[in-house]
Amino acid sequence: MVSKRIALGLAAVTTLAASAWAAAAEPQASAAVPTGPRADFDRDGRADIAIGAPGGQVGGRAGAGYVSIVYGNGETATFSQNTAGVPGAAEANDKFGQTVVPVDLDGDAYTDLVVGTPGERIGQVQAGMLIVLWGGPDGLGQATAVDTGARGGGDVGAVVTAGDFDGGRRVGLAVRAPGVVRLLSGIGRDGKPAKDSLFSLYDAEGAAVTVRDLSSGDVNGDGIADLVVTVTDDEEGDSWRSALYLGGTSGLTRVGILNAANGKRLNGQHTAVGDVNGDGYGDIVVGHGEEWNTDSGRPEIMGGAVGVAYGGPQGLSGTLAPFWVNQDSTGVPGVSEPGDGMGTGLAVADADGDGYADVLAGVPGEDFDGLTDPGSVLLLKGGPKGLTGSGAKVFTQNSAGVPGVAEKGDGFGKSAALGGRLVVGAPQENAGDGSAWVLNLSGNSTAYSPGSFGAPAAKAGFGGAVAGG
């Protein structure tokens with residue numbers, strides 16, 4: 001196994017100022033960028049759903065966690081570390097299911113499921129673990145622990161994304177580890193990656209930063225996945241920023257920090273990649289669900305927002321300026337209010353089959369009907385002009401056809417996934433037991449709870465992570 005360390009300073013390289021958006025002719029990419037993974041664990045042509053319950057009790061151990069699966073044919077399954085063949089054993093606070101990433105790791109055309117278990121301990125030290133549930137004709141079955149190099153002092157499995165970052169045609173994983181991001185590719189059924197590379201991230205003063213989110217997609221249209229890394233300085237609440245790294249056969253190449261046209265950072269807590277304007281280049285969508293106050297005492301972004309930085313042949317468009325959308329934008333239902341949290345849940349994919357990626361944005365702190373924080377989700381439409389807010393739709397538990405009833409503190413929209421259907425998680429539902437919904441734009445929406453799978457409900461945080469659609 002090859003290992004190398006590459007120091008890539010996050011702020012040491014010149015950032016993308018407004019001049020980076022200078023007008024220039026841009027050729028279109030030859031093919032459209034995929035607009036999001038479709039989970040099909042049994043390859044029957046029907047999309048499957050994965051729902052994480054990281055707080056779930058397993059074998060009497062609180063917080064051990066489990067993952068529930070809804071196959072496209074209606075069958076269900078639940079996995080934990082007490083399931084036969086799954087590595088490890090259910091222990092208190094393992095948090096199995098805090099992340100769920102569907103991806104075909106071994107290239108057999110069956111989607112596999114990568115499950116993060118960030119609370120896993122090695123001896124007395126928290127190290128974290130990644131477990132792959134391998135897809136096959138009967139769905140998910142055989143499981144393997146990935147050799148991530150974690151030996152303690154971290155929470156491996158808390159932040160992970162997938163992509164073919166080196167053009168080797170074998171999808172790999174980008175994983176947050178203590179002080180670094182690890183790139184693991186060529187992962188076999190023995191869990192050992194054929195290639196293991198890592199890089200560290202530093203601010204301008206050489207101090208380490210904390211990786212908060214990772215996302216991937218083909219931003220420059222070359223057929224190789226690119227990586228978006230979101231970091232913060234631990235001591236500064238408003239220090240979120242995201243940087244783009246282009247994938248390639250020689251490794252990752254840093255482009256710079258995402259900036260808005262006025263020179264301010266296009267910053268947020270979560271990112272996702274999809275082609276919202278249909279030009280063949282993946283666009284970077286940023287969810288800014290958290291708020292912080294400026295010197296005036298007013299939140300810089302009231303109620304949260306969703307931003308987009310458009311892709312291009314150099315990684316970021318030279319002609320299309322970044323753009324923010326919030327609940328005060330024309331066409332978007334609602335009004336921006338403190339604590340709404342728009343963009344907390346975030347997913348990008350083509351929901352209606354029109355060739356443009358759409359954005360599903362959770363607003364878990366949305367208030368309505370005299371209720372505090374029942375939550376909602378917004379479906380923002382992509383189109384030839386990109387993301388504008390025009391044609392946006394809102395869904396709550398009080399929407400027609402959506403099962404359940406909106407209640408105080410549900411936090412509907414805390415997590416989100418998007419394919420041909422909308423998947424919405426509300427891990428705070430029912431005092432922290434949690435629920436998840438699969439919403440069809442044409443109707444026939446379904447709600448799931450731990451009881452749907454015969455799983456323990458108490459404080460399970462069911463829906464804390466969702467994937468598929």
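**Rings, strands and buried residues**

Mentor: Let's start with rings: this structure holds five aromatic pairs. Rings of Phe, Tyr and Trp (its six-membered ring) form a pair if their centres lie within 6.5 Å; planes under 30 degrees apart are stacked, over 60 edge-to-face, and the rest tilted.

Trainee: Why is the pair of Phe412 and Trp437 called edge-to-face?

Mentor: The two ring centres are 4.9 Å apart, within the 6.5 Å limit, so Phe412 and Trp437 are a pair. Their planes stand at 70 degrees, which is over 60, and therefore the pair is edge-to-face. Phe412 sits in the loop between β26 (393-395) and β27 (415-418) and Trp437 in strand β29 (residues 435-439), so the pair ties together parts 25 residues apart in sequence.

Before we go on, one reminder: this is a predicted model, in which local features need pLDDT of at least 70 and side-chain atom pairs count only at pLDDT 80 or more, while totals for chains, interfaces and linings use all residues. Residues are numbered from 1 along each chain as its sequence is written, and side-chain values use heavy atoms, with hydrogens and water left out.

Trainee: How do you know whether Phe412 and Trp437 are buried or exposed?

Mentor: We look at relative accessible area: under 20% is buried, over 50% exposed, and in between partly exposed (1.4 Å probe, protein chains only). Phe412 has 0% and therefore counts as buried. Trp437, at 2%, is buried as well.

Trainee: What makes the pair of Phe453 and Phe462 tilted?

Mentor: Their planes are 40 degrees apart, neither under 30 nor over 60, so "tilted" is the word. The ring centres lie 5.8 Å from each other. Phe453 and Phe462 are both buried, and ring pairs join them with Tyr448 into a cluster.

Trainee: What tells you that Arg43 lies over the face of Tyr110?

Mentor: A charge sits over a ring if NZ of Lys or CZ of Arg is within 6 Å of the ring centre and within 35 degrees of the ring normal. Arg43 is placed 5.3 Å from the ring centre of Tyr110 and lies over its face.

Trainee: How many helices and strands does the protein have, and what counts as one?

Mentor: There are one helix and 31 strands. Helices (H or I, at least four residues) and strands (E, at least two) are DSSP runs, numbered from the N terminus.

Trainee: What makes strand β2 (residues 49-53) enclosed?

Mentor: Five of its five residues are buried, so β2 is largely enclosed by the rest of the structure. In a regular strand the side chains alternate between the two faces of the sheet. Here both faces of β2 are covered: Ile49, Ile51 and Ala53 are buried on one side, and Ala50 and Gly52 on the other.

Trainee: How do you know that β2 pairs with β3 (residues 66-70)?

Mentor: Two strands pair if DSSP finds at least two bridges between them. β2 and β3 have five, in the antiparallel sense, so they qualify. Within that pairing, Ile51 stands opposite Ser68. Four bridges also join β2 to strand β31 (residues 465-468), again antiparallel, and there Ile49 has Gly468 as its bridge partner.

Trainee: Why are β15 (210-217) and β18 (253-257) called edge strands?

Mentor: They belong to an open antiparallel sheet of four strands in the order β15-β16-β17-β18. β15 and β18 each have a single partner strand, so one side of each is left without a neighbour in the sheet. From one strand to the next the twist averages 25 degrees. β17 and β18 pair over four bridges, with Leu244 facing its bridge partner Gly256 in β18.

Trainee: What about the loops around β16: how do you know whether Ser239 and Asp218 are buried or exposed?

Mentor: Ser239, in the loop between β16 (226-232) and β17 (241-246), has 2% relative accessibility, so it counts as buried. Its C-alpha is separated by 8.4 Å from that of Asn267, 28 residues away along the chain. Asp218 lies in the loop between β15 and β16; its relative accessible area of 12% is under 20%, so Asp218 is buried too. C-alpha to C-alpha, Asp218 and Tyr281 are 6.8 Å apart in space, though 63 residues apart in sequence.

Trainee: And how many residues of the whole protein are buried?

Mentor: Of its 469 residues, 58% count as buried.

Technical notes: Axes are lines fitted to C-alpha atoms, for helices over the stretch in contact, and angles run from 0 to 180 degrees between N-to-C directions.
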